Amino acid sequence: MEDHSQFRLLSERRFAPFFVTQFAGAFNDNLFKNALLLLVTYNAGGLFGLSSSVVVNLAAMLFILPFFLFSAVAGQIADRYEKSGIIRWVKFAEVAIMAVAAVGLWFGWHEMLLLLLFLMGVQSAFFGPVKYAILPQALDNSELVGGNALVEMGTFVAILLGTLVAGVMMKAPLPGPMIAIAVLVVAGAGLFSALKIPKAEAAAPDLKINFSPLKETWKLMAIAKENHNVLLSVVAISWFWFLGAAYLTQFPGFAKDELLGDETVVTVLLAIFTVGIAVGSMICERMSGHKVELGIVPIGSLGLSLFGIDLYLNMPAQPVPSDWWMIFTDSNYRRVALDLLGIGVSGGLFIVPLYAFVQQETPPETRARVIAALNVFNALFMVASALLGMLVLGVIGLSIPEFFLVLSIMNLMVAAFVYQQVPEFALRFVIWMMSHTIYRVKHHNLDRIPEEGAALLVCNHVSYMDAPVIAGAVRRPVRFVMDHHIFATPVMGTFFRMAKTIPIGSKVKVPEIYEAAFDKIDEELAAGNLVCIFPEGRLTSDGEVAAFRAGVELILQRRPVPVVPLALRGLWGSFFSHYGGPALTHLPKRFWSRIHLLADEPVRPEAATAEALEENVKTLRGSHP
């Protein structure tokens with residue numbers, strides 16, 4: 001049996017070396033950055049005559065500044081040149097930087113380490129666009145969510161481990177030399193794995209590189225704006241980094257002042273939050289059914305707010321001095337831990353489908369530059385997060401739990417704006433909920449539906465839920481043709497308009513709707529989309545497949561495209577079918593129905609007559625209504 005788990009990618013050369021490379025890079029970034037901050041805070045007593053608190057903020061700024069300065073150029077280079085070669089050069093630069101850093105750590109030259117932190121930010125800025133742009137070239141569409149889930153899981157686990165190892169090494173007798181050896185070894189491991197990454201050809205080999213940072217950064221924004229849904233997804237991803245940065249920054253103060261915890265509490269809160277994100281990322285693959293599923297994103301965004309509000313409402317009323325063990329054993333503290341875990345899991349569910357969607361929907365020749373624009377947005381939002389934290393906590397004087405409550409409410413507002421701007425998020429959420437609660441849908445041979453290009457889907461018509469079931473199962477967006485009376489209903493009509501459903505009616509009674517429908521079908525097929533029709537023209541009244549009408553042939557005369565026969569089993573007898581009387585007027589025969597959706601081989605347009613397709617669908621469905 002074929003292994004569909006994303007973990008199999010970790011054993012395949014097209015993904016495993018890249019995964020190790022990006023994991024080592026994220027680990028080293030955080031090991032070096034946190035070691036430097038701890039050295040400055042506890043050993044150096046400040047640098048350049050500045051206090052340690054100022055130096056800590058200066059260090060954070062130096063690491064993030066390169067993302068503003070160099071992301072535009074990095075995106076151009078990642079689109080212009082072969083990607084595995086770029087990764088190798090970036091990793092070679094990391095080894096060189098870490099070699100110099102090792103000398104600085106060994107001899108305690110902390111001023112020099114700040115410059116090297118800036119250079120680490122530069123190499124990270126150049127790695128970012130190629131990191132995400134290479135995935136769609138290395139993976140199939142059905143593997144894109146799983147691959148992104150592994151990358152996000154690996155990134156956050158690396159962040160956690162790098163932070164923890166820096167803290168452990170700082171307690172060693174000679175922390176400087178030990179960290180010096182560690183960063184050099186990890187950089188070498190990253191370079192070694194990068195040498196094994198397979199080639200990923202240039203997407204835009206004729207692109208002219210322009211080294212004007214501000215001008216090119218502005219161009220990045222224009223490229224990102226070309227697809228409105230992609231731009232809103234980029235904003236949503238950056239909003240997650242805004243929230244994540246806010247939580248991570250406040251953990252030390254939150255643990256010390258609100259939980260009266262020692263330093264081990266900070267570590268365990270960070271671990272819980274990070275593990276939550278990793279778990280949420282990995283769950284995405286199972287929940288999405290091996291496709292880019294935007295329906296999961298609202299679940300994640302709702303969880304971010306609900307768990308954040310619950311955290312505020314369940315803070316210990318009278319905290320007592322605590323350590324890491326009390327976080328798990330004391331019921332008051334355990335609720336805090338569970339809420340932070342929930343926030344992390346929700347974050348993973350939120351961010352992985354969005355990254356996969358951006359990669360899938362962006363043309364290959366501009367993909368790396370869109371990822372570069374995303375990195376600029378991420379940096380801007382993280383800076384804004386720090387400024388908001390300073391304003392709310394320092395100037396307004398709110399407590400950290402109150403700040404978390406503000407973030408949760410802001411998240412609801414941002415989510416409402418994004419889903420209003422991109423109805424597909426809410427639409428996919430409704431479809432996902434239906435196909436994972438009311439029904440259990442099993443797919444058969446849906447890989448016969450073309451992954452790209454126009455095709456006409458024809459299916460038997462059993463219930464009012466046929467379209468949502470098909471939409472939830474097919475990896476690509478589908479435009480459905482539907483009776484204009486259903487389209488006009490107040491609640492369902494809104495839902496179907498969001499889905500870009502095409503209303504159709506009788507040629508005799510409503511000729512203008514009839515003609516407009518065929519024009520719209522042709523327009524969608526011309527644009528390379530999938531269109532699904534139910535050639536029976538009405539719901540079955542007896543569970544059997546009725547005669548297919550000739551409309552399918554009219555469509556193919558205007559636009560000859562492949563036709564994929566589909567068949568639904570298991571919906572007859574549902575509340576939404578005509579079993580036992582008109583649909584929606586009788587009790588359902590059963591709940592939690594097991595539905596089967598089957599696909600046959602594509603039929604050439606010249607062979608796709610109404611009669612032939614009817615026989616195809618009947619054979620495919622079999623004797624089970």
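Leucine 260 is partly exposed in this predicted model, with a relative accessible area of 35%. Look for this leucine in the loop between α9 and α10 (263-288). Its backbone deserves a glance as well: leucine 260 has a positive phi of about 50°, although it is not a glycine. You will meet a similar case further along the chain. Asparagine 445, again not a glycine, has a positive phi of about 60°, and sits in the loop between β1 (439-444) and β2 (455-459). Asparagine 445 counts as partly exposed because its relative accessible area is 40%, between the 20% limit for buried and the 50% limit for exposed.

Now let us go back to α9 and step inside. In soluble globular proteins, nonpolar side chains tend to be buried together. Here, the largest nonpolar core has 105 residues, and those with the most contacts inside it are Phe15, Phe18, Phe254, Leu259, Leu311 and Leu407. The element that gives the most to this core is helix α9 (residues 228-258), with 16 residues. Apart from this core lies another one, of 37 residues, with Phe32, Ile64, Val122 and Met170 among them.

Leucine 311 makes a good vantage point within the larger set of contacts. Leaving aside neighbours within four places in sequence, leucine 311 touches Tyr247, Phe254, Val336, Asp339, Leu340, Ile343 and Phe404.

Two of those partners, Phe254 and Phe404, lead us on to the aromatic rings. The structure holds 20 aromatic pairs. Phenylalanine 254 and phenylalanine 404 form one that is tilted, at 5.4 Å centre to centre and with 55° between the planes. Phenylalanine 254 belongs to helix α9 and phenylalanine 404 to helix α15 (residues 400-421), so their pairing ties together parts that are 150 residues apart in sequence. Both rings belong to buried residues: phenylalanine 254 has a relative accessible area of 0%, and phenylalanine 404 is at 1%. If you follow the ring pairs outward, they link Tyr247, Phe251, Phe254, Phe273, Phe403 and Phe404 into a cluster.

Finally, let us return to the surface. A nonpolar patch there is formed by Val103, Trp106, Phe107, Trp109, Ile181 and Val185, which together have about 640 Å² of accessible area. Helices α3 (83-107) and α7 (175-194) each supply at least two residues of the patch, and α3 gives the most, with three. Tryptophan 106 is a handy residue to centre your view on: it lies in helix α3 and is partly exposed, with a relative accessible area of 46%.

Key
Residues numbered from 1 in each chain as written. Predicted model: local features only at pLDDT ≥ 70, side-chain atom pairs only at ≥ 80, totals over all residues. Heavy atoms only, no water. Patch = residues over 30% accessible without salt bridge, like charges linked within 9 Å, V, L, I, M, F, W, Y side chains within 5 Å. Areas by Shrake-Rupley, 256 points an atom, 1.4 Å probe, with all protein chains shown as cover. Salt bridge = Lys/Arg side-chain N within 4 Å of Asp/Glu carboxyl O. Helix = DSSP H or I, 4+ residues; strand = E, 2+ residues; numbered from the N terminus. Buried < 20%, exposed > 50% of the residue type's maximum accessible area, 1.4 Å probe, protein only. Core = buried A, V, L, I, M, F, W, Y, C linked by side-chain atoms within 4.5 Å. Contact = heavy atoms within 4.5 Å. Phe/Tyr/Trp six-rings, centres within 6.5 Å; stacked < 30°, edge-to-face > 60°.
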